[in-house]
Amino acid sequence: MSGAPEQTRQSRPPRPPRPPLPSGSRAADGRATRPGARAARGGAVIAAVYAPACALACWSLGRTLWEGLAEPGIALAFGLLTAVGELVGRGARPTAGGRGPGEREGAPLGAAGALAYALLGEAGGRPTTHGVPQTVAVVLAAGLVGLVPQVARGRGPALDHLARRILTIGFAATCFQPLYNTGTLSSWGASGPVYPLFLTGLMALTALCDAVLAAALARARTGWPYGPLLRDELRALPGTGSAICATGVVIALATAVVGLWALPVFCLPLLLTQFAFRRFAAVRTTYRQTIASLARSTEIAGYTPHGHARRVAALSRAVGRELGLNEPDLDVLEYAALMHDIGQLSLLDPVPDGATAPLPPDRQRRIALLGGAVVRQTGVPAEVAVIVERQADPYRDQPVTARIVRTVNAYDDLSGESAGPGGSLRALERLRLATAQDHEPRVVEALARVLACGGRAVWDAGTQV
């Protein structure tokens, strides 16, 4: 269903278009939107993370090579555990549309093994002396082993993940190893029943630091708002994050009592959980593909142009990111964008180009309600049907997700192949002219920012999904 205003489809010549976001301009909210400026800021953030990670890795590796390994057997066991966890975790491809809560850590077994080694004070009743440099060096070696399959498949190394791992493990080891080896923890009273609580608190603080780093790197790579990215990372912590922290603490405590036999015994539950999450991710991917296939029914029947639903879904998700929606809302938005035209199957004759804006309001409303009824039969969340049903409502009465679908759908209608050269600029200008009654200005400007920062490639890629 198109949300483009009827007056934008009249034959009268439009006003002279102005560029959506000329170089050096600022968006309606005052933020700089020049792609080069965003890239520069992103590069500075990445350098701010990579530089200390590289320095810590070089120092730790050099110190370990100079002094030699302490307790080589323990180092080898934890190194193998971490490497196996990285290899198993990195073998899975991310789900389409991004990661959901609980899927933030791709290698939970590797993370738990690395954290356990950082918090290891004894092994089989004997004190360990590996220290901070050796801890980071072992985790670095295991992380490099985990990168081999990705490089072999031509995906490129996941250096962001490795940098985060080095910094967070270095943080945990620095907070624990010196205090434990010098007896400071005992003097502070962090022994006996308090000791596990101290380890759990340190694990939670480490997980929080990792979430901050992950959100910062994601912001630098994508340009998406930092607040929602951090919120998504924090929402994921009670899921897999809590399992990783608990397993790391249990492994460290059990190894102190029974030795290295604790590694296979206490890693098995987390390994099974990891496989369960991978199956869940596969189900989500299949679910999304099923919805995409259902959305193609309008294209096959000739009611909408080829690739229309996928283009609207891809660009709607990007606009939702720009507006700060969280991951669950983005999934709902994507499903609704895919199925927003499903109600057109109730028409005896297809609407030209699938644009329903010229239709009378009662027919638009009927198509929207029929589309919502179809969507409710697919088993998707009820919010998806609500968005589809309310596409014919005034935008002020719509939820923000429905406003996004309405505006992006109108943009796709107005900037299609029939629009000719400069159709994208003219489409955006027409949307701006219609913000008084048909489109929310904030959504239109978010769309303009996405297009100015490479969103056109996302829009074009919708035809290849």
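**Figure 1. A salt bridge joins Glu 67 and Arg 63.** In this predicted model, the closest N and O atoms of Glu 67 and Arg 63 lie 2.6 Å apart. Both residues belong to helix 1, which spans residues 35-67. Because Glu 67 and Arg 63 are 4 residues apart in that helix, about one helical turn separates them. Glu 67 is exposed, with a relative accessible area of 53%. Arg 63, at 34% relative accessibility, counts as partly exposed. Side chains of opposite charge can pair when their charged atoms come close.

**Figure 2. Asp 232 and Arg 321 form a salt bridge.** The pair links distant parts of the chain, with Asp 232 in helix 8 and Arg 321 in helix 11 (residues 308-322). In sequence, Asp 232 and Arg 321 are 89 residues apart. The closest N and O atoms of this salt bridge are 3.8 Å apart. Asp 232 and Arg 321 are both buried, whereas Glu 67 of the preceding view is exposed.

**Figure 3. Arg 288 and Glu 334 meet through their side chains in a salt bridge.** The N to O distance in this salt bridge is 3.3 Å. Arg 288 lies in helix 9 (residues 262-295) and Glu 334 lies in helix 12 (residues 327-339), so the salt bridge ties together parts that are 46 residues apart in sequence. Arg 288 is buried, as is Glu 334.

**Figure 4. A network of salt bridges links eight named residues: Asp 232, Arg 284, Arg 288, Arg 317, Arg 321, Glu 327, Asp 331 and Glu 334.** Among the members of the network are Asp 232 and Arg 321, the pair shown in Figure 2 with a closest N and O separation of 3.8 Å. Arg 288 and Glu 334 also belong to the network, and their side chains meet at 3.3 Å, N to O. A search of the whole structure finds 21 salt bridges.

**Figure 5. Leu 205, Leu 208, Val 212, Tyr 226 and Leu 234 make a nonpolar surface patch.** The patch has an area of about 370 Å². Helix 7 (194-222) and helix 8 (226-258) each supply at least two of its residues. Helix 7 gives the most to the patch, with 3 residues. Leu 205 is found in helix 7 and is partly exposed, with a relative accessible area of 40%. Helix 8, which contributes to this patch, also holds Asp 232 of the salt bridge in Figure 2.

Methods: Residues are numbered from 1 along each chain as its sequence is written. This is a predicted model: local features need pLDDT of at least 70, side-chain atom pairs count only at pLDDT 80 or more; totals for chains, interfaces and linings use all residues. Side-chain values use heavy atoms; hydrogens and water are left out. Patches are made of residues with over 30% relative accessible area and no salt bridge: like charges are joined within 9 Å, nonpolar side chains (Val, Leu, Ile, Met, Phe, Trp, Tyr) within 5 Å. Accessible areas come from the Shrake-Rupley method with a 1.4 Å probe; for residues, only the protein chains shown count as cover. A salt bridge is a side-chain nitrogen of Lys or Arg within 4 Å of a carboxyl oxygen of Asp or Glu. Buried means under 20% relative accessible area, exposed over 50%, partly exposed in between (1.4 Å probe, protein chains only).
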